Amino acid sequence: MPIWNPRVETMSRVDLEQLQLERLQAVVNRIWDSVAFYRRRFEQGGLIPERIRSLDDLRLLPLTVKEDLRTGYPYDLFAVPLREVVRIHASSGTTGHPTVVGYTKNDLRHWRELVARVLSAGGMTKEDVIQIAFSYGLLTDAFGLHQGAEEIGASVIPMSGGAAEQQISIMQDFRTTALVGTPSYALQIAEALEEKGVARSSLHLRWGMFGAEPWSEPLRQRIESLLGISATDNYGISEVMGPGVSGECEEQKNGLHINEDHFLCEIIDPDSGEVLPPGQTGELVITTLTTEALPIIRYCTGDLTSLHLQPCPCGRTFARMARISGRTDDTFVIGGVKVFPSQIEEVLLQIEGIEPNYLVVVDRESGADTVQVQVEVPGALLTGDVRHLLRTQEILRQRLERALGLTIEVKLVEPRTIAGPRERKQKVIDRRKEVTP
Ligand code: DLL
């Protein structure tokens with residue numbers, strides 16, 4: 001499989017680390033000069049940019065968390081004036097403040113290049129017709145992948161979401177060879193194909209590149225066999241750019257190559273903050289090395305993975321990260337939209353007589369993700385007037401659906417039935433990982 005930028009993607013680790021150090025020193029100097037938030041943080045820690053002399057010194061720098069970006073909403077953490085920003089996106093999720101990401105012209109140039117690398121690693125070339133099945137909008141997904149697909153010279157179809165049948169007929173008519181979207185959507189499309197008895201031979205599909213949410217090896221196999229494609233995983237997070245952070249190579253499908261010349265990745269113990277060695281699982285922390293508009297230092301992604309430095313038979317020298325195995329918090333992703341349990345809590349707190357004792361069960365049925373919110377209600381409500389009970393259930397459902405923008409099933413349960421997870425602090429059970437489709 002061709003490597004998009006062989007000079008960079010196969011460079012020796014020694015050269016790579018030298019490049020990373022130079023870029024790290026440059027970014028630290030830049031934010032010291034231009035982002036008051038970081039200047040304050042550095043000063044509080046008695047740190048000056050000159051202190052960063054080796055890559056190991058990275059750990060002297062403070063961690064940045066999502067809350068910092070929210071507090072700085074919308075533009076406080078930007079390192080350039082707005083006139084230099086040519087694109088603005090926002091992260092998914094929260095009802096309150098999303099986190100805002102800005103891009104300069106150079107940032108967009110880099111973004112295109114990095115997504116091009118990931119698409120090439122997934123097998124795609126200028127010969128392909130790539131159907132982007134992410135929604136075009138504020139999120140980084142569709143636009144990020146779209147411009148990378150154009151960069152490799154492919155013919156790009158900005159399909160967006162929609163009914164699986166529409167995706168299928170466009171695939172047939174436009175002779176789509178590659179599908180790009182979330183794995184759950186790909187499965188829905190694949191199952192619709194099977195249900196409708198559409199012959200696979202009526203499609204020209206060869207590749208699939210899926211990401212933006214967790215998925216498993218069995219799910220990959222199922223999608224591959226239903227669609228008759230080779231499917232790869234790709235990872236990104238809007239706070240540091242969006243898609244294009246890392247992606248699997250089609251040859252190995254064993255870990256996602258990180259674009260390490262633009263992102264410095266660490267794995268930390270989420271409780272102690274201690275940096276963990278390669279191979280150990282912990283929280284992925286990313287420092288951007290080239291970003292101009294929103295440079296970010298040691299960003300705690302909340303995603304659990306491990307890093308692997310062993311050479312890959314594909315020839316790329318960039319470290320690989322394991323498939324994301326979970327989250328440090330209870331955030332979960334449905335169809336590419338991130339949901340924070342605090343959003344559910346906010347809704348419950350607004351309803352009189354209801355305590356925010358709840359458990360979210362995320363599952364997958366016939367390819368579609370489902371969300372059930374179990375809520376403890378006073379015993380008197382359960383044994384009292386049935387109409388009142390049903391009304392409460394309906395109000396909860398409507399308000400949760402409005403707040404989260406998702407279809408929700410509400411189940412009212414007796415007091416203290418959710419005691420276990422509550423004590424464990426765990427508010428979400430994600431059964432999708434257990435499902436072998
Ligand atoms: O989801 C960027 C993206 C778009 C990546 C399209 C890949 C493809 P956010 O909306 O900020 O950005 O959500 C980022 O999604 O912290 C992970 O929890 C989750 N996530 C992204 N990719 C994967 C993946 C985009 N391949 C959050 N596997 C991240 C598991 C993923 N989780």
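A residue is near a molecule if one of its heavy atoms lies within 4 Å of it. Keep that in mind as you look through these close-ups of a predicted model.

**View 1. Meet the residues around the ligand.** The ligand has 21 residues around it, and those that come nearest are A212, D233, N234, S238 and D303. Sorted by character, the shell holds eight nonpolar, six polar and seven charged residues. Which element gives the largest share of this shell? Strand β7 does, with five residues.

**View 2. Polar contacts hold our attention here.** Start with D233: an N or O atom in the side chain of D233 sits 2.8 Å from a nitrogen atom of the ligand. With N234, look at the backbone instead, where a polar atom is 2.8 Å from a nitrogen atom of the ligand. For D303, turn back to the side chain: one of its polar atoms lies 2.6 Å from an oxygen atom of the ligand. How much of the ligand's area does the protein bury? Taken alone, the ligand exposes 610 Å², and the protein buries 98% of that. Two or more residues of the shell come from each of the elements α6 (141-151) and β7 (230-237).

**View 3. Four strands line up in an open sheet.** Strands of a sheet pair through backbone hydrogen bonds, either parallel or antiparallel. In this sheet the order is β20-β19-β18-β21, and the pairing is mixed. At the edges you will find β20 (409-413) and β21 (428-430), each of which pairs on one side only. Leaving direction aside, neighbouring strands of this sheet are turned by 20° against each other on average.

**View 4. Zoom in on a parallel pair.** Strand β19 (residues 368-376) and β20 run parallel, and five bridges join them. To find your way along the pair, look for V375, which stands opposite L412 in β20.

**View 5. A helix lies across the strands.** Helix α10 (residues 341-349) lies across β18 (358-365), β19 and β21. What is the angle between α10 and β18? The helix runs at about 125° to β18.

**View 6. Two backbone details in loops.** In the loop between α4 (66-71) and β1 (87-90), you can find P74. Is the peptide bond from Y73 to P74 cis or trans? This bond is cis, with omega near -10°. Now move to the loop between β8 (242-248) and β9 (256-258), where K253 is found. Phi of K253 is near 50°, a positive value in a residue other than glycine.

Methods:
Residues numbered from 1 in each chain as written. Predicted model: local features only at pLDDT ≥ 70, side-chain atom pairs only at ≥ 80, totals over all residues. Heavy atoms only, no water. Polar contact = N/O pair within 3.5 Å; in protein donor to acceptor, adjacent residues only side chain to side chain. Areas by Shrake-Rupley, 256 points an atom, 1.4 Å probe, with all protein chains shown as cover. Nonpolar A, V, L, I, M, F, W, Y, C, P; charged D, E, K, R; others polar. Pairing = 2+ DSSP bridges. Axes fitted to C-alpha atoms, helices over the stretch in contact; angles between N-to-C directions. Contact = heavy atoms within 4.5 Å.
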